[in-house]
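Me: I have a structure to go through, and I would like the reasoning behind each label. Here it is.

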Protein chains: 2
Amino acid sequence: MGDRMDDLGAPVARRTQADRRAESGRGLVQAAVSIVSQRGVGAATFEAIGAEAGYSRSLVTQRFGSKRGLIDAVIEHAASSFGPQRLAERAQSLSGLEGLLLLLDTYLIELSTSRELRTYFMLLSSAVAELSELRAAFAAEHERVKGHLAALVDKGRADGSIRPGVDADAAALMIGSLQLGLSMQLLVDPAMDLDPIRRIAVSTVRLSFAGPPAGG
Amino acid sequence: MGDRMDDLGAPVARRTQADRRAESGRGLVQAAVSIVSQRGVGAATFEAIGAEAGYSRSLVTQRFGSKRGLIDAVIEHAASSFGPQRLAERAQSLSGLEGLLLLLDTYLIELSTSRELRTYFMLLSSAVAELSELRAAFAAEHERVKGHLAALVDKGRADGSIRPGVDADAAALMIGSLQLGLSMQLLVDPAMDLDPIRRIAVSTVRLSFAGPPAGG
DNA sequence: AGTTAGTGGCCGGCCAACTAGCAAATGGGC
DNA sequence: GCCCATTTGCTAGTTGGCCGGCCACTAACT
């Protein structure tokens with residue numbers, strides 16, 4: 001009630017507390033993504049994140065409880081920002097094999113364009129290097145992805161785009177590992193040219209899984 | 001000269017300075033491998049490494065100059081302890097394809113048995129997570145491995161075990177990435193059962209690259 | 001006026017590296 | 001063949017820096 005006389009113009013931008021809270025929260029997460037993807041996991045200190053977001057170093061703790069809380073939020077944000085769900089519609093009109101290849105290709109493209117995916121992978125790498133408890137969360141997420149991939153393989157076998165001999169779980173594991181391995185390659189050697197790698201990966205997978213071999 | 005009268009018995013074990021030096025150096029590297037592989041990269045402090053090796057925390061600095069110096073030594077040690085050179089002889093009597101598969105299979109076995117390989121991969125992960133300069137060294141090593149793999153693919157095409165359509169560099173990249181990706185999987189979820197993964201990986205690669213497509 | 005967002009000072013802990021000093025070998029002179 | 005000055009392996013104390021988290025406080029909103 002009584003929205004203050006903002007006669008001076010709009011720039012005052014009176015925001016509700018929930019708005020401020022949400023805004024600063026988003027800002028901190030995005031700042032963390034920026035820092036991690038550009039300067040590494042170790043550079044993501046409260047000090048750096050706060051400064052990047054335009055706040056103090058204390059706000060992260062207050063908003064997310066602890067460092068771990070922030071990291072959880074970052075992972076959740078990252079995982080939801082590039083997840084396969086965005087491709088679900090596009091993939092539906094394709095054959096199982098082509099859907100699978102689209103997923104793989106899109107993943108590789110995003111690897112060099114999406115700070116979120118980069119951050120996700122770097123946090124994963126850090127969890128592996130430190131043997132941190134976070135690994136369990138990543139393992140669960142990967143299990144989820146493998147399920148998606150296996151479903152696509154099943155679909156492909158049903159519509160004939162993938163030959164019957166291919167085991168869905170095995171194929172899903174291979175595709176998933178290929179994604180992880182190529183991610184590693186690209187992050188180890190950023191100078192690498194992505195385009196030929198994409199073509200090679202996609203065509204190799206296509207050749208491995210495609211169609212009826214020869215009427216039998 | 002004049003090996004002091006050790007009349008008290010042998011346990012005195014008078015060692016030359018060079019011996020002591022070499023022994024402590026080896027001990028520190030192996031201690032670092034133990035700590036990293038069991039407790040994570042972050043746990044590898046001078047304190048922990050010195051204690052594990054039975055020395056003080058100061059010795060690492062004196063022996064290797066700095067933390068980075070030790071890490072370099074650890075990487076070198078690890079890389080030379082599991083490298084493909086040990087398989088060179090065994091692989092020579094096999095076809096190109098079987099040599100390739102032996103390499104892949106051996107790598108996966110060592111991943112769960114060799115602390116050195118585990119340490120190597122964890123240091124690699126750390127370098128990726130921190131965007132450290134070490135990445136360049138790893139990239140060079142991977143390039144070397146890719147060369148080995150590509151040579152095996154060429155051999156396989158020459159002896160007919162790999163079909164002609166397969167591009168050597170592309171295949172090498174796929175195999176290398178598969179190794180990295182499966183390593184990641186296994187380190188993220190140590191509870192995973194390695195045996196089926198090995199079988200799946202080997203058979204998938206065999207099916208992808210094997211023999212003349214028709215007439216065989 | 002009361003609640004909630006956001007800040008800055010501070011503490012305890014940890015770590016890599018420097019330094020002075022101790023102990024174990026070494027080797028040349030006697 | 002022995003002895004002692006010198007070198008070299010190794011240690012412990014210390015320092016300076018950084019980081020996560022806590023707390024009292026101010027500013028913004030209701």
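Reply: This is a predicted model. From the N terminus on, the elements of chain A run α-α-α-α-α-α-α-α-α-α.

Me: How many helices and strands does that make in chain A?

Reply: Chain A has 10 helices and 0 strands.

Me: What share of chain A is buried, and what makes a residue count as buried?

Reply: A residue is buried if 20 or more other C-beta atoms lie within 10 Å of its own. Of the 216 residues in chain A, 36% are buried.

Me: How much of the contact in chain A links residues 24 or more positions apart?

Reply: Among contacts with a separation of 6 or more, 65% join residues 24 or more positions apart.

Me: How do you know what span to expect of helix 4 of chain A?

Reply: The expected span is 1.5 Å times one less than the number of residues. Helix 4 of chain A, residues 67-82, has 16 residues, and 22 Å is expected. From its first C-alpha to its last, helix 4 reaches 23 Å, which is close to that value.

Me: Which residues of helix 4 of chain A are buried, and why are they said to lie on the same side?

Reply: The buried residues are L70(A), I71(A), V74(A), I75(A) and A78(A). They cover an arc of only 135° around the axis, so they sit on the same side of helix 4 of chain A. Their packing partners in chain A are helix 1 (17-39), helix 3 (59-64), helix 7 (115-130) and helix 8 (134-159).

Me: Does the span argument carry over to chain B, that is, what should helix 8 of chain B span?

Reply: Helix 8 of chain B has 26 residues and should span 38 Å at 1.5 Å a residue; its end C-alpha atoms are 38 Å apart, so the two agree. Its buried residues include F138(B), H142(B), L149(B) and R157(B). The cover over the buried residues of helix 8 includes helix 9 (168-188) of chain A, along with helix 6 (96-113), helix 7 and helix 9 of chain B. After helix 8 of chain B comes G160(B), with a positive phi near 85°.

Me: What makes a residue part of the surface near DNA strand C, and which are the closest?

Reply: The C-beta atom of the residue must lie within 6 Å of the strand. DNA strand C is surrounded by 21 residues, the closest being S24(A), Y55(A), S56(A), S58(A) and T16(B). By class, this surface has 3 nonpolar, 11 polar and 7 charged residues. Helix 1 of chain A gives the most to it, with 4 residues.

Me: How many residues does each chain put into the contact between chain A and chain B?

Reply: Chain B and chain A each supply 35 residues. On the side of chain B that touches chain A, two or more residues each come from helix 7 (115-130), helix 8 (134-159), helix 9 (168-188) and helix 10 (194-209) of chain B. Helix 9 of chain B gives the most to that side, with 13 residues. By class, the side of chain B that touches chain A has 20 nonpolar, 11 polar and 4 charged residues.

Me: Why are the two copies called related as by a two-fold rotation axis?

Reply: Chain B superposes on chain A by a rotation of 180° with 0.0 Å of shift along its axis, at an RMSD of 0.1 Å. The two copies are therefore related as by a two-fold rotation axis. In chain B, the C-alpha nearest the axis belongs to G181(B), 1.9 Å from it. Both copies use the same surface, as 100% of the contact residues of chain B recur in chain A.

How values were computed. Residues numbered from 1 in each chain as written. Chains lettered and ligands numbered in written order. Predicted model: local features only at pLDDT ≥ 70, side-chain atom pairs only at ≥ 80, totals over all residues. Buried ≥ 20, exposed ≤ 12 C-beta atoms within 10 Å, placed from the backbone. Arc of directions from axis to C-beta. Contact = placed C-beta atoms within 7 Å. Nonpolar A, V, L, I, M, F, W, Y, C, P; charged D, E, K, R; others polar. Least-squares fit on C-alpha atoms with pLDDT ≥ 70 in both.
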